Protein chains: 2
Amino acid sequence: MTRNEAVAPYCYSHPHPAVTTDVVLFTIREETLQVLLVRRRNAPFAGQWALPGGFLDPAEDLITCALRELAEETGITDVYLEQLYTFGRPDRDPRGRVISVTYYGLAPADRLTLKAGSDAKQTAWFPYGALPPLAFDHREIVDKAHERLVAKLEYSTIAFQFLPAQFTLSELQEVYEIIRSEPLDKRNFRKWVLARNLIEETGAQRRNGSHRPAKLFRTKYPGRVEIIR
Amino acid sequence: MTRNEAVAPYCYSHPHPAVTTDVVLFTIREETLQVLLVRRRNAPFAGQWALPGGFLDPAEDLITCALRELAEETGITDVYLEQLYTFGRPDRDPRGRVISVTYYGLAPADRLTLKAGSDAKQTAWFPYGALPPLAFDHREIVDKAHERLVAKLEYSTIAFQFLPAQFTLSELQEVYEIIRSEPLDKRNFRKWVLARNLIEETGAQRRNGSHRPAKLFRTKYPGRVEIIR
DNA sequence: CCAAAAGTGTTGTTTATACACCCATGT
DNA sequence: ACATGGGTGTATAAACAACACTTTTGG
């Protein structure tokens, strides 16, 4: 945020904050809940890990900005994002006043191919339980996203966003167990999810090792998060 | 949003949107859910009803801005506000790019004395079911706030924000009935709320007409909204 | 004594919890 | 044949839903 008018042609009669979006993208890999981070190349916090995000373009929607920054910095596209919260403490960015509209989202591990281009920031998944120190107030943002994720698991179809189009009931149960960090009874879980009428058998099975094959299911509400109960 | 540098000394190297806060304040009066609106004096939408709100000051928190604008435009202070959502469609304000961080809140009818000063905007309560046409995308904001209010009623102590420090069980039930717009069984409601251990008898009673007096209760969590269930 | 809102219990139904064994497959 | 994860039912407890009369007061 500069006031050098020679190189700063965007002028207003009263001060305007900058607006950014930041994204907390979760996935489940290696039986843990993980968060996508990028390493900052520039000051402030150069070299530190941070959430993918960046400044809002003049004519783009907030969600478009979030998706664009995610794609540019990590190569990930076509994920489900939902607005989380807007952070605006006056001192949250040492460069000046920056308002961050944050989004969180989920992606199935199989859909995630991180960008490998030479100009890409360094990008990596970290277990939610073992995050490195984060730039700005990004730790606070991640914690808020996690709180929302845990809450929404109970009363929405958000869990399906972690899974591919077809999945087994054991995989679905694992999602619930990892996010709630507690084991669930297999029979009761199956009763619960089937009673809610959210999924249906595809007819196909998955043979996956030296044991009985698992039936494959699909959600009846693909691509959309519904409120249940 | 001007680019005339003579009267616009706040300059940046890339375009910055303006940031506002807007507030959806609910109350219950005359057995209906009502929303606080102000009549706009200036273009755009001069003369139309709108939510109280305005531009963020350079060094103030978002919630501080919301409370300040509410106080300046309506005279109402000390209400509970919670961040609702951030609206940022590029065309939502004809003056240019404006991001609105919105809050919603509740206030007991007895605490609401609208500002009467000469420079005050015209301020009034409208039933949620009979709102006038609103400026900008404010109708969308009110609807989102209503949706959140209905949802939070079920799993938080938000209802107490509509009531004074001491209240009767009938008054509490009326809050639930009005927001959910359906009648509730008196015995089941009392069992439900008492089982949750959220309120306690004050010992006092209210004599209120030619009928049996009602016991007065207070919340065990005054001033704070807790998640229940 | 009448009107008006406050207060109070029981029963049936639905939903949640606890718990252990057989099934289909690959090696 | 055995190891592995997939699949299934029943019994108990808790929560919810339906429903009507008595109490206390003011006039």
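I began with the polar side of the interface in this predicted model, and between chain A and chain B I counted 16 residue pairs in polar contact, both partners being at pLDDT 80 or more. Turning to which elements of chain A lie on the side that touches chain B, I noted that strand 1 (10-12), strand 2 (18-29), strand 6 (80-87) and strand 7 (98-106) each supply at least two residues. Strand 6 of chain A gives the largest share of that side, namely four residues. Sorting the residues of the side of chain A that touches chain B by character, I obtained 21 nonpolar, seven polar and eight charged.

With those charged residues in mind, I looked for salt bridges between chain A and chain B, and the count came to zero.

Next I took the extent of the contact, to which chain A contributes 36 residues and chain B likewise contributes 36 residues. The two chains bury about 3,400 Å² between them, and 58% of this lies on carbon and sulfur atoms. Asking which residues of chain A lose the most area to chain B, I found A:Tyr10, A:Cys11 and A:Tyr12, which together account for 20% of what that side buries.

I then returned to strand 1 of chain A, and saw that strand 1 of chain A pairs with strand 1 (residues 10-12) of chain B in the antiparallel sense, over three bridges. Within this pairing I looked up the partner of A:Tyr12, and recorded that A:Tyr12 stands opposite B:Tyr10 in strand 1 of chain B.

Definitions and conventions
Residues numbered from 1 in each chain as written. Chains lettered and ligands numbered in written order. Predicted model: local features only at pLDDT ≥ 70, side-chain atom pairs only at ≥ 80, totals over all residues. Heavy atoms only, no water. Contact = heavy atoms within 4.5 Å. Buried area = accessible area lost by both parts, 1.4 Å probe. Salt bridge = Lys/Arg side-chain N within 4 Å of Asp/Glu carboxyl O. Polar contact = N/O pair within 3.5 Å; in protein donor to acceptor, adjacent residues only side chain to side chain. Nonpolar A, V, L, I, M, F, W, Y, C, P; charged D, E, K, R; others polar. Pairing = 2+ DSSP bridges.
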